[in-house]
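Thanks for making time this morning. I would like to walk through one model with you, going from a helix to the ligands and then to the backbone and the cysteines.

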Amino acid sequence: MKKVDVVLGLQWGDEGKGKVVDVLTPNYTVVARFQGGPNAGHSLHFGDKSFVLRTVPSGIFRDGSINVIGNGVVVDPVSLAEELKNIAAQGIPVQKKLLISKKAHIILPTHRMLDAASEAAKGKSKIGSTLKGIGPTYMDKTGRNGLRFGDVLADDFIERYNRLKAKHVEMLSQYKDFEYDVTEYEKTWMEGIDYLRGFEFIDSEHTINKYIDEDVPILAEGAQGSLLDVDFGTYPFVTSSNTVCAGVCTGLGVAPTKIGDVYGIFKAYCTRVGSGPFPTELFDETGKELGRIGHEFGAVTGRPRRCGWLDLVALKYAVMVDGVTQLIMMKSDVMNDFDTIKVATAYRIGDEVVSHFPYEVNDSIEPVYTEFKGWKCDICKVRRYEDFPVEFKQYVEFIERETGVPVKIISVGPDREETIVR
Ligand code: GDP
Ligand code: IMO
Ligand code: MG
């Protein structure tokens, strides 16, 4: 029996999961998404080509790969159809390479409207959602009202759709100032559904477990990051799914005993897009530099990402909850020119200094920093760990000591090639 390896983000998303999955896929036959939806934006760069994947697993470009959209994912037919048509235009046989779980829930046009209406009503305390309908769709899932891909095959699919839509229209009428019209968008949505009928809808838990029994190597690809997890993230400023490792079990039907390596990805610094607490956020020139050099703009919404120093209190928390076995550090190259690099190793809360991630993460937290001398040279061309400058190695080895987990892969640029495996 071959266990399922997992790649997931340990921060607030955008750690570089797309790149890592793309780099790791030669070792796997199956790549499976287990949660989230088109709120994700996973960037891939190889040669002169760049792609941003939203719902399609990041293994799609590798020859011979099988890509599964698991039951834990919420799917927008418009966004998925568009994404697949773009990939198909590159000569990739998407119909052969993508399988969709019958149990994956469908994002309706009115789910998106509910997301927008709810955010607008929240005013200043809005989550900063990507407005893709993620929250309302997961609410219908747990509220036992949702529409699933298996329903698309039912004779009365349209009736089921209309019933759920009517419920949403009723809910939307509660938002007095919210105006909307989904007539045009609904047509595109139906076209999306029809396009997706050309794909294989599967009982994904059976398929995945058959692969496990047959020793077929599987990589589970997370979306978002552990600090956006609905249970363990900075609630309520989170997404609506379990982004942590346990999400693989519920989002694919993989038993906990069948989880193998857990690759935890983090940026050498920290970013967050949308609202919510971020203890190490920088509002100064250094923060702006990180954003500028790191091109920190949301891959889905284009919003500037907030930037700050690496937060080891939060990272250790994510390592604990996820059971990370190997760390992967991304975007170290962004700090090539920095004189000093800081890392938060504790939080000062009032008179107390704590080293655990607290129940309430708020603006009163003051990070306690450890400072490192910058490496002050270009590390983008380095391909062997031995060749990194000593200051860089000190930084990496400090993180390893603090977390108790080895940093197995280091990324020094967006391209597939700019990757060092130790
Ligand atoms: P994901 O959502 O976790 O897949 O990450 P995103 O794709 O949203 O954001 C990561 C961004 O960083 C993308 O634009 C990547 O191309 C880029 N990137 C990934 N790794 C590196 C790296 O090591 N160095 C630099 N400079 N950019 C990177
Ligand atoms: P990837 O997979 C970064 C954030 C949003 C918002 C909150 C809730 O690319 O790392 P939602 O649309 O889920 O209701 O938004 O979560 N968010 C992400 N931030 N990367 C992502 O995905 C994200 N997906 C959602 O900005 O703060
Ligand atoms: Mg992203």
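Helix 1 is largely enclosed by the rest of the structure, because eight of its eight residues are buried, where buried means under 20% relative accessible area, exposed means over 50%, and partly exposed is in between, with a 1.4 Å probe and protein chains only. Those buried residues are Lys17, Gly18, Lys19, Val20, Val21, Asp22, Val23 and Leu24. Helices here are DSSP runs of H or I with at least four residues, strands are runs of E with at least two, and both are numbered from the N terminus.

Before going further, please keep in mind that this is a predicted model, in which local features need pLDDT of at least 70, side-chain atom pairs count only at pLDDT 80 or more, and totals for chains, interfaces and linings use all residues. Residues are numbered from 1 along each chain as its sequence is written, chains are lettered from A and ligands numbered from 1 in the order in which they are written, and side-chain values use heavy atoms, with hydrogens and water left out.

Let me turn to the loop that precedes this helix. Glu15 lies in the loop between strand 1 and helix 1, and Glu15 is buried, with a relative accessible area of 1%. Its side chain makes a polar contact of 2.8 Å with the side chain of Lys17, and the side chain of Glu15 also reaches the backbone nitrogen of Leu10 at 3.4 Å. By polar contact I mean a pair of N or O atoms within 3.5 Å; within protein, one must be able to donate a hydrogen and the other to accept it, and residues adjacent in sequence count only if both atoms are side-chain atoms. Leaving aside neighbours within four places in sequence, the residues in contact with Glu15 include Gln224, Gly225, Phe266 and Met330, contact being heavy atoms within 4.5 Å.

Which protein donors does the magnesium ion, ligand 3, have? They are Asp14, through OD, and Gly41, through O, at 2.1 to 2.2 Å from the ion. This pair links distant parts of the chain, 27 residues apart, since Asp14 sits in the loop between strand 1 (4-9) and helix 1 (17-24), while Gly41 sits in the loop between strand 2 (30-33) and strand 3 (42-46). A donor is an N, O or S atom within 2.8 Å of the metal, or 3.2 Å for Na, K and Ca, and water is not among the atoms, so sites may look incomplete. Asp14 is partly exposed, with a relative accessible area of 21%, whereas Gly41 is buried at 11%.

Asp14 also takes us to ligand 1, where an N or O atom of the Asp14 side chain is 2.9 Å from a ligand oxygen. A backbone N or O atom of Gly18 lies 2.8 Å from an oxygen of ligand 1, and for the side chain of Arg305 the corresponding value is 3.2 Å. The protein covers 91% of the 580 Å² of accessible area that ligand 1 has on its own, with areas from the Shrake-Rupley method and a 1.4 Å probe, and, for residues, only the protein chains shown counting as cover.

For ligand 2, 20 residues lie around it, and Asp14, Lys17, His42, Thr130 and Thr239 come nearest, a residue being near if one of its heavy atoms lies within 4 Å. Oxygen atoms of ligand 2 are met by polar side-chain atoms of His42 at 2.7 Å and of Thr130 at 2.5 Å, and by an N or O atom in the Thr239 side chain at 2.6 Å. Here the protein covers 97% of the 550 Å² that the ligand has on its own.

Now the backbone. Most residues other than glycine have a negative phi, and most peptide bonds are trans. Asp14, although not a glycine, has a positive phi of about 60°, and so does Lys331, which lies in the loop between strand 15 (326-330) and strand 16 (340-349). The peptide bond from Tyr235 to Pro236 is cis, with omega near 5°.

Finally, why does the structure hold zero disulfides? A disulfide needs two cysteine sulfur atoms within 2.5 Å, and the sulfur of Cys245 is 6.3 Å from the closest one, in Cys249, too far for a bond. The sulfur of Cys270 is likewise too far, at 9.2 Å from its closest cysteine sulfur, in Cys307.
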